[in-house]
Amino acid sequence: MATRTITLARDSIALAIGGSDPSGGAGIQADLKAFQQNGVYGMTVLTMVTVQNTVGVHRIELLDVGLIEQQLDCVLNDIPPLAIKTGALGNADAIAAIAGKLEGYGGDLIIDPVLVSKHGDLLADDTAVSAYRDYLLPQATLATPNALELQRLIGRDVDGLDEMVQAAAELRELGPSAVLVKAGIIDGSRVHVLADEEKVATIETQNHPTNQTHGAGCSLAATITARMTLTTDGNGKVPQVESAIQFAIMAVNHAISIAPGFGKGVGPIESRILHDGLPDDPA
Ligand code: PLP
């Protein structure tokens, strides 16, 4: 496959707000790698420290909300990002505080409403769901829930693709300009549902039969965030949400297909080539 060169745009700056995964597969480590791989200057505001590896999450320490707010003030007042992504936020207090600080923020806000890890460990408590609905989703350019998060956010079970399509549109009514549901494997394909102001559409990609998907959700949302800060794709075009999404789905799917097999459990995707090795750049 051809190697694509990255054009550095001076103001391509993105901020990730989320938790630390010391094994480097998910959380802000994954976000920073996706930013860097796409030629975007990355910054981070830490919400929690997790003790985890590919086998599981062993401990979670939420940071003091005042400390989260102070980090946000500090970076936002100094190096304004063109786009902000949120990941694991922990609880309603943190979500409300972050939403307060982001009120009036003029850039793109990508909300990955992380509730549980791939191992089933809670990364946000029960208070988080209504806080997402009340404070953060109304400000979002894009929300990227998985099927479970979608169901928690709309407050009912969703069964099958038709209901998922309906639920994605319903979540959009809470405020995000667009919703991308990571629907999972349906009829042998990896399926995403995109609801935006014009349509609700499904995006299907090849499913690679592997459990090496640690950090895939974080990397997808972070790659979308990165692509949305690029003022040009090198051909003079400004990537919009949908082309950023198409690009990111392809990049992450490829990174899953060549996962390096690190660790003894659910290993990370191949985050070292998240800009590269793609058949085509649709941006
Ligand atoms: N953020 C943190 C800090 C995590 O530990 C995890 C999963 O363990 C996630 C986000 C979500 O990861 P994934 O992209 O695998 O859904």
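This passage describes the overall fold dimensions and the ligand site of a predicted model. In this model, the secondary structure of the protein comprises eight helices and nine strands. The radius of gyration is 17 Å, close to the 19 Å that the globule rule gives for 283 residues, so the protein is as compact as a globular protein of that length. Taken along the principal axes, the box filled by the C-alpha atoms is roughly 45 × 45 × 45 Å.

The ligand is placed in the largest pocket, where 14 residues surround it and Q52, K118, G215, G217 and C218 come nearest. Sorted by class, this shell around the ligand consists of six nonpolar, seven polar and one charged residues. Among the elements of secondary structure, helix α7, which spans residues 216–229, gives the most to the shell, with three residues.

Polar contacts to the ligand involve both side-chain and backbone atoms of the protein. An N or O atom in the side chain of Q52 lies 2.4 Å from an oxygen atom of the ligand, whereas for G215 a polar backbone atom is found 2.9 Å from a ligand oxygen. A polar backbone atom of C218 is likewise placed 2.8 Å from an oxygen atom of the ligand. Of the 390 Å² of accessible area that the ligand has on its own, 94% is covered by the protein.

Key. Residues are numbered from 1 along each chain as its sequence is written. This is a predicted model: local features need pLDDT of at least 70, side-chain atom pairs count only at pLDDT 80 or more; totals for chains, interfaces and linings use all residues. Side-chain values use heavy atoms; hydrogens and water are left out. A residue is near a molecule or strand if one of its heavy atoms lies within 4 Å of it. A polar contact is a pair of N or O atoms within 3.5 Å; within protein, one must be able to donate a hydrogen and the other to accept it, and residues adjacent in sequence count only if both atoms are side-chain atoms. Accessible areas come from the Shrake-Rupley method with a 1.4 Å probe; for residues, only the protein chains shown count as cover. On a 1 Å grid over the protein atoms alone, a cavity is a set of points where a 1.4 Å probe fits but cannot get out, and a pocket is an open set with protein on both sides within 12 Å along at least five of seven lines; lining residues have an atom within 4 Å of a point. A molecule sits in a cavity or pocket if more than half of its atoms lie within 2 Å of its grid points. Helices (H or I, at least four residues) and strands (E, at least two) are DSSP runs, numbered from the N terminus. Ala, Val, Leu, Ile, Met, Phe, Trp, Tyr, Cys and Pro count as nonpolar, Asp, Glu, Lys and Arg as charged, and the others, Gly among them, as polar. The radius of gyration is taken over C-alpha atoms; the globule rule is 2.2 Å times the number of residues to the power 0.38.
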